Amino acid sequence: MQNVISVRQLNTYIKNMFTQDYFLQMVSVKGEVSNCKYHPSGHIYFTLKDSASALNCIMFAGDRRGLGFRLTEGQQVIAKGSVSVFERDGRYQLYVKEVTLDGAGALYEKYEQLKRELAEEGMFAPEYKQQIPKYIHTLGVVTADTGAAVRDIIQIASRRNPYVQIILYPALVQGASAAPSIVNGIHALERQGVDVMIVGRGGGSIEDLWAFNERMVAQAVFDCSVPIISAVGHETDTTIIDYVADLRAPTPSAAAELAVTQVSDIENEILDRQDRLYQRMGRVLQHKRQQADQMEMRLKYLSPASRIREKRTYSIQLEDRLQNRLQAILRERRHNLALYIERMKAVSPLEKLNSGFSYVEDTDGKNIRSVTQVEAGERLRIRVSDGVIDTRVEQIQKEERLPG
């Protein structure tokens with residue numbers, strides 16, 4: 001009975017054996033991820049398996065800072081860490097310190113790293129995005145000159161607007177020389193002065209699309225003065241230039257639709273703008289006519305001819321008033337004259353003569369009013385109503401006047 005030990009003692013002993021094994025203190029294990037669980041505490045529990053066996057793994061929250069992607073079912077990874085025994089359950093597991101993707105996964109990790117770097121440099125910032133012009137004359141396309149992508153772009157662009165000129169730069173889109181070829185195509189079409197550019201290719205694996213994940217291609221897209229629409233792969237494929245481009249299209253066909261406006265839409269908009277222009281012109285003309293009418297009224301009011309007519313009218317009024325005044329004065333003067341005439345008649349010598357009186361004067365024309373003014377034999381003139389009588393004084397007879 002001396003060899004009997006407790007379960008804990010045995011598990012501790014086995015743990016010490018694992019701890020003393022130098023190989024198990026830092027081992028890299030390749031396998032497929034399964035049963036992956038993210039614990040609320042931040043720890044990650046998963047299993048690595050291959051065709052013949054499985055291994056329990058745990059990655060503590062403190063070690064996750066170096067993990068640049070999210071672990072998911074089915075990923076092929078390389079987990080690096082130490083193997084030890086969990087004493088409570090009596091099972092061993094891999095305590096993971098680092099995880100890297102294996103094969104395509106390594107490319108994905110490289111993709112994520114470049115994506116983070118470019119985002120930190122501001123190459124994805126919306127303020128650097130250029131507006132895609134609505135109406136274009138020339139469409140530049142950087143893609144392979146064979147394949148479905150270029151055929152789809154040409155077919156859809158020509159159908160939407162046959163007047164748009166399409167300029168193709170036949171670039172390599174796969175392989176070691178693809179990235180420089182794409183960059184040269186972007187620079188060439190920029191020098192050509194196209195209105196907008198489509199850069200892309202058909203779908204494929206991450207290896208097939210890798211040229212569009214290169215920094216030099218992303219930089220060329222970012223620096224290009226021509227608005228660029230990225231169209232790489234199928235709708236679910238996403239590459240670095242999709243984030244850098246001014247607009248991302250899910251497919252090359254969709255890129256052609258985004259770049260080229262339907263010619264019928266252009267015609268309708270022209271008609272709509274024409275109608276709005278006519279309406280605007282009508283309102284402007286009406287406003288200008290009103291202004292002209294107001295100016296004409298002001299001109300008439302301020303015109304010398306208007307003032308002359310006004311003064312002439314006033315002159316006519318004054319003339320009428322003067323005529324009326326003169327007529328009134330003449331009537332008054334005639335009336336006064338008639339009164340004077342009547343008064344003069346009362347003292348007029350002619351009236352006296354007509355009444356039987358006569359007027360006596362000497363040869364000098366001096367009025368004879370007394371017998372003392374003449375002598376016998378003197379010649380006198382006697383004026384009567386119908387003539388003059390020349391006579392001679394024969395005799396003077398003085399009469400006594402009765403006291404008055």
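In the predicted model, residue G140 stands opposite M197, which belongs to strand β8. The strands concerned are β6, covering residues 138–143, and β8, covering residues 196–201, and they pair in the parallel sense over four bridges. This pair forms part of an open sheet of five strands, whose order is β7-β6-β8-β9-β10 and whose pairing is parallel. The edges of the sheet are occupied by β7 and by β10 (247–248), each of which pairs on one side only.

Edge strand β7 (165–170) is also one end of a loop that begins after helix α4 (148–160), and N161 is placed in this loop. With a relative accessible area of 7%, N161 falls under the 20% limit and is therefore classed as buried. A polar atom of the N161 side chain lies 3.0 Å from the backbone nitrogen of Y163. When residues up to four places away in sequence are not counted, N161 touches V260, T261, V263 and I266.

Elsewhere in the model, the largest pocket has a volume of about 200 Å³. At least two lining residues are supplied by each of the strands β1 (27–38), β2 (44–49) and β3 (54–59), and the largest share, four residues, comes from β1. Among the residues that line the largest pocket are V27, K30, L48, D50, S53, V83 and Y92. By character, the lining of this pocket divides into seven nonpolar, two polar and three charged residues.

Definitions and conventions: Residues numbered from 1 in each chain as written. Predicted model: local features only at pLDDT ≥ 70, side-chain atom pairs only at ≥ 80, totals over all residues. Heavy atoms only, no water. Buried < 20%, exposed > 50% of the residue type's maximum accessible area, 1.4 Å probe, protein only. Polar contact = N/O pair within 3.5 Å; in protein donor to acceptor, adjacent residues only side chain to side chain. Contact = heavy atoms within 4.5 Å. 1 Å grid on protein atoms, 1.4 Å probe; cavity = no way out; pocket = protein on both sides within 12 Å on 5 of 7 lines; lining within 4 Å. Points joined across faces, edges and corners; volume = space filled by probe spheres on them. Nonpolar A, V, L, I, M, F, W, Y, C, P; charged D, E, K, R; others polar. Pairing = 2+ DSSP bridges.
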